[in-house]
Amino acid sequence: MAFAFDAELFEWDARTDASWVFAMVPVEVAEEIRDMTPPRRGFGSVRVHVRIGGSEWLTSVFPDSGSGSYVLPVKNPVRKAENIEVGDTVAVELEVVLADL
């Protein structure tokens, strides 16, 4: 199942030397993802295929207990290729990868 949404990029400091950049998955989309996937091991991550602009990649979304949603990591190579940065709103296409469930 595929989803399309707009999300603002934000930085999260994991108390390390490196900061991570994420896009928040809308709560409604997160609820649909939870409904379609069985309970997950580990961090509760869900494997996804993502497209932002011309960039596509496989990654995982991770549950965010504060919002009840998932966060999508957006790596530096993608941000550079798409000329986007923290604070920008991006159009995200996300598809849950069910093959490894």
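Here is a walk through a pocket, a small group of charged side chains and one helix residue. Keep in mind that the model is predicted.

Let's start with the empty space. Rolling a probe the size of a water molecule over the atoms shows where empty space is left. In this model, the largest pocket holds about 250 Å³ of space. What lines the largest pocket? If you want to find the lining on the structure, look for Phe10, Trp12, Phe22, Phe43, Phe62, Pro63, Asp64 and Val71. Sorted by character, that lining has seven nonpolar residues, no polar ones and one charged residue. Asp64 is the charged one, because Asp counts as charged while Phe, Trp, Pro and Val count as nonpolar.

Now for where those residues come from. Strand E1, covering 2–13, and strand E4, covering 55–64, each put at least two residues into the lining of the largest pocket. E4 has the largest share, with three residues.

Next, the charged side chains. Side chains of opposite charge can pair when their charged atoms come close. The structure has two salt bridges, so which residues should you click on? Begin with Arg51, whose side chain meets that of Glu56 in a salt bridge, at 3.3 Å from N to O. Arg51 also forms a salt bridge with Glu93, where the closest N and O atoms are 3.5 Å apart. Arg51 sits in strand E3 (residues 46–52) and Glu93 in strand E6 (residues 89–96), so this pair ties together parts that are 42 residues apart in sequence. Through shared partners, the salt bridges join Arg51, Glu56 and Glu93 into one network.

Are these side chains buried or exposed? Neither label fits, because buried means under 20% relative accessible area and exposed means over 50%. Arg51 is partly exposed, with a relative accessible area of 32%. Glu56 counts as partly exposed at 44%, and Glu93 gets that label at 43%.

Last stop: Ala81, which you'll find in helix H2 (residues 76–82). Ala81 has a relative accessible area of 57%, so it is exposed, given that the cut-off for exposed is over 50%. How far is Ala81 from Ser55 in sequence and in space? Along the chain the two are 26 residues apart, and in space their C-alpha atoms are 7.4 Å apart.

Technical notes. Residues numbered from 1 in each chain as written. Predicted model: local features only at pLDDT ≥ 70, side-chain atom pairs only at ≥ 80, totals over all residues. Heavy atoms only, no water. Helix = DSSP H or I, 4+ residues; strand = E, 2+ residues; numbered from the N terminus. Buried < 20%, exposed > 50% of the residue type's maximum accessible area, 1.4 Å probe, protein only. 1 Å grid on protein atoms, 1.4 Å probe; cavity = no way out; pocket = protein on both sides within 12 Å on 5 of 7 lines; lining within 4 Å. Points joined across faces, edges and corners; volume = space filled by probe spheres on them. Salt bridge = Lys/Arg side-chain N within 4 Å of Asp/Glu carboxyl O.
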